[in-house]
Amino acid sequence: VDFYKGADISWVTELESKGHKFYNDNGDERECTALMKEYGMNAIRLRVWVDPKEHGNWCNKEDVLVKAKRAKVLGMEVMVDFHYSDWWADPAKQNIPASWKEHTYEQMKKDVANHTKEVLQLLKDNGITPKWVQVGNESSNGFLWDMGHATNNPKQYTGLFASGYEAVKEVFSDAIVIVHLDNGFDEDLYNWNLDILKNNGAKFDMIGMSLYPYWSEIYHGKSAEETIGGCMANIQKMKAKYGCDVMIVETGMLCADEQGKLASASVLEDGYNQLTRIIKESKEVGCKGVFYW
């Protein structure tokens with residue numbers, strides 16, 4: 001496959017437990033992963049949290065296995081997204097798991113390695129081979145703060161990342177290890193963060209980007225045009241500079257408000273057009289895929 005179209009459907013088991021059902025355009029009920037395949041997707045992305053017991057245990061390793069098994073049966077590729085946190089990790093928060101809290105840097109490198117291997121070994125024992133593994137989620141300023149804060153502790157950020165990378169390769173030597181940053185249009189961010197890893201001796205196999213045109217306009221004052229165009233230019237620059245593939249591992253459009261009220265027809269149409277453009281131009285610049293979140 002030259003190009004992967006995927007989706008992060010990590011919510012699916014939790015939604016099912018609450019009675020949500022999924023239907024295709026004809027009104028036929030489908031299991032969500034099967035529906036993704038029916039609509040032309042060939043991969044799914046699954047997040048994993050260290051110990052989410054306070055949040056219903058969704059996205060722990062056992063829950064990840066349930067969802068990964070469905071993808072395997074359907075012949076779809078799997079991306080595993082390690083947050084290295086008990087709950088959401090993103091550029092605003094990278095919280096150390098409760099059970100690692102008091103650990104030293106040396107211990108935390110072992111924690112990262114052990115958790116990574118434990119999750120991947122469970123998949124392996126069940127005949128599942130993920131194609132990609134993210135070491136960290138949107139780790140634009142590092143992860144496991146403040147221990148692995150990229151600004152305050154760049155060497156420790158690198159060491160923790162390297163520990164994750166090596167752990168992945170121990171279980172799946174062919175897995176593609178992704179470093180994932182947000183704001184795919186922000187060339188300065190990518191140069192800065194990836195140089196920290198490279199200059200301190202860490203390896204990565206692929207660069208993962210987040211790209212959210214609607215929210216970039218709100219938070220960064222950039223039009224969708226600038227956001228998408230900037231990302232495509234950045235994909236080409238990063239590929240050339242770091243000599244590795246690039247993939248958009250998260251993109252999404254506004255579809256509804258927090259109450260579930262559908263967005264206006266014009267907002268939905270804008271989102272459709274932006275996603276169409278992202279997929280088309282990603283193929284043109286040699287990006288390896290686009291995953292919807």
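Where does Leu-144 lie? Look in the loop between β6 and α5. Keep in mind as you go that this is a predicted model.

**A loop with some odd geometry**

Leu-144 is worth a pause. Its phi is positive, about 50°, although Leu-144 is not a glycine. Leu-144 is also buried, because its relative accessible area is 0% and the cut-off for buried is under 20%. A little further along, Trp-145 and Asp-146 are joined by a cis peptide bond, with omega about 0°. Asp-146 is found in the loop between β6 (132-135) and α5.

Now try another loop, the one between β7 (176-181) and α6 (187-199), where you'll find Asn-183. Asn-183 isn't a glycine either, and its phi is positive too, near 45°. Is Asn-183 buried or exposed? With 17% relative accessibility, Asn-183 counts as buried.

**Two helices side by side**

General idea first: a pair of packed helices is described by the angle between their axes and the distance between those axes. Here the pair is helix α4 (residues 105-125) and helix α5 (residues 154-171), whose axes come within 8 Å and cross at roughly 25°. Angles under 35 degrees count as roughly parallel, so α4 is roughly parallel to α5. As for handedness, the crossing of α4 and α5 is right-handed.

Who does the touching? From α4, the residues in the contact include Tyr-105, Met-108, Val-112, Ala-113 and Leu-120. From α5, they include Gly-159, Leu-160, Ser-163, Gly-164 and Ala-167. Sorted by class, the contact of α4 with α5 has 9 nonpolar, 6 polar and 5 charged residues.

**Charged residues tucked into strands**

Next, have a look at Arg-47, which is found in strand β4 (residues 43-48). Arg-47 is buried, with a relative accessible area of 1%. Once you set aside its neighbours within four places in sequence, Arg-47 is in contact with a list of residues that includes Asp-8, Asp-81, His-83, Trp-88 and Trp-293.

Glu-250 sits in strand β9 (residues 245-251). Glu-250 is buried as well, at a relative accessible area of 6%. Which side chain does the side chain of Glu-250 make a polar contact with? That would be the side chain of Arg-45, at 3.1 Å. Leaving out neighbours within four places in sequence, the residues in contact with Glu-250 include Asn-137, Glu-138, His-180, Tyr-212 and Trp-293. So you can spot Trp-293 in the contact list of Arg-47 and in that of Glu-250, because both lists name it.

**One that is partly exposed**

His-55 is found in the loop between β4 and α3 (61-73). At 30% relative accessibility, His-55 counts as partly exposed. Apart from neighbours within four places in sequence, His-55 is in contact with Asp-86 and Trp-87. You can also check a distance here: His-55 and Lys-5 are 50 residues apart along the chain, and their C-alpha atoms are separated by 29 Å.

**Accessibility in one place**

Here are the residues from this tour with their relative accessible areas.

| Residue | Relative accessible area | Class |
|---|---|---|
| Leu-144 | 0% | buried |
| Arg-47 | 1% | buried |
| Glu-250 | 6% | buried |
| Asn-183 | 17% | buried |
| His-55 | 30% | partly exposed |

Methods. Residues are numbered from 1 along each chain as its sequence is written. This is a predicted model: local features need pLDDT of at least 70, side-chain atom pairs count only at pLDDT 80 or more; totals for chains, interfaces and linings use all residues. Side-chain values use heavy atoms; hydrogens and water are left out. Axes are lines fitted to C-alpha atoms, for helices over the stretch in contact, and angles run from 0 to 180 degrees between N-to-C directions. Helices (H or I, at least four residues) and strands (E, at least two) are DSSP runs, numbered from the N terminus. Angles under 35 degrees count as roughly parallel, over 145 as roughly antiparallel, 65 to 115 as roughly perpendicular and the rest as oblique. A crossing is left-handed if the near helix is turned anticlockwise from the far one by less than a right angle, and right-handed if clockwise. Contact means heavy atoms within 4.5 Å. Ala, Val, Leu, Ile, Met, Phe, Trp, Tyr, Cys and Pro count as nonpolar, Asp, Glu, Lys and Arg as charged, and the others, Gly among them, as polar. Buried means under 20% relative accessible area, exposed over 50%, partly exposed in between (1.4 Å probe, protein chains only). A polar contact is a pair of N or O atoms within 3.5 Å; within protein, one must be able to donate a hydrogen and the other to accept it, and residues adjacent in sequence count only if both atoms are side-chain atoms.
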